[in-house]
Amino acid sequence: MKNRTESGEARELRVLLEAVLEAVALPYPATVGDSEVRDRILSDRVLHARVALEGVLRSGDEPGWSAEYLRIRLAETPATGYRTAGEGR
């Protein structure tokens, strides 16, 4: 693998992509009831990720700013309140 230096813009995009992954990579639910809670949380988080991505792609927002916006919104919608598949055993 080549040693490469990322530009500032590439680093900001990477930070934004990491935030988007954080938004959507929720643990699988343990039960159907847990699935309903997870689905609601995931829906909210996907909406915030979409707003952040659209801001960058359509409005020219800075990726770093959008990543920070997304992380603030994710903190308001934590992935809690349901049992995960690993906990259900």
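Beyond its neighbours within four places in sequence, Glu-12 is in contact with Glu-62, Pro-63 and Gly-64, where contact means heavy atoms within 4.5 Å. The model is a predicted one, in which local features need pLDDT of at least 70 and side-chain atom pairs count only at pLDDT 80 or more, while totals for chains, interfaces and linings use all residues. Residues are numbered from 1 along each chain as its sequence is written, and side-chain values use heavy atoms, with hydrogens and water left out.

Glu-12 is found in helix α1; helices (H or I, at least four residues) and strands (E, at least two) are DSSP runs numbered from the N terminus. With 28% relative accessibility, Glu-12 counts as partly exposed. The scale behind that word calls a residue buried under 20% relative accessible area, exposed over 50%, and partly exposed in between, using a 1.4 Å probe and protein chains only. Although Glu-12 and Ser-66 are 54 residues apart along the chain, their C-alpha atoms are separated by 9.3 Å. Leu-13, also in helix α1, is partly exposed as well, because its relative accessibility is 35%. From Leu-13 to Ser-66 the C-alpha distance is 9.5 Å, across 53 residues of sequence.

Stepping back to the whole chain, there are three helices and zero strands, arranged along the sequence as α-α-α. The radius of gyration, taken over C-alpha atoms, is 16 Å, whereas a compact globule of 89 residues would have a value near 12 Å; the globule rule is 2.2 Å times the number of residues to the power 0.38. Along the principal axes, the C-alpha atoms fill a box of roughly 45 × 35 × 15 Å. Of the contacts with a separation of 6 or more, 69% join residues 24 or more positions apart.

What does the inside of the chain look like? Buried residues make up 27% of the 89. The largest nonpolar core has 11 residues, among them Leu-16, Val-20, Ala-49, Val-56, Tyr-69 and Leu-74. Helices α1 (8-24), α2 (32-59) and α3 (63-76) each give two or more residues to this core. Such a core is a set of buried Ala, Val, Leu, Ile, Met, Phe, Trp, Tyr and Cys residues joined through side-chain atoms within 4.5 Å. Ala-23 is another of the core residues, and apart from neighbours within four places in sequence, Ala-23 is in contact with Leu-42, Arg-45, Ala-49 and Leu-74.

Helix α2 also holds two aspartates of interest here, Asp-34 and Asp-39. Is Asp-34 buried or exposed? Asp-34 counts as buried, because its relative accessibility is 10%. Not counting residues up to four places away in sequence, Asp-34 touches Pro-29, Tyr-82 and Arg-83. The C-alpha atoms of Asp-34 and Ala-23 are separated by 18 Å, with these positions 11 residues apart along the chain as the sequence spacing. Asp-39, in turn, is partly exposed because its relative accessibility is 42%. Between Asp-39 and Gly-8, 31 residues apart along the chain, the C-alpha separation is 35 Å.

Turning to surface and charge, the accessible surface of the chain comes to about 6300 Å², of which 54% belongs to carbon and sulfur atoms. These areas come from the Shrake-Rupley method with a 1.4 Å probe, and for residues only the protein chains shown count as cover. The chain has 13 positive and 15 negative charges, and their mean positions are 5 Å apart. Lys and Arg count as positive and Asp and Glu as negative, leaving out His and the chain ends. The place of each charge is taken as NZ of Lys, CZ of Arg, CG of Asp or CD of Glu.
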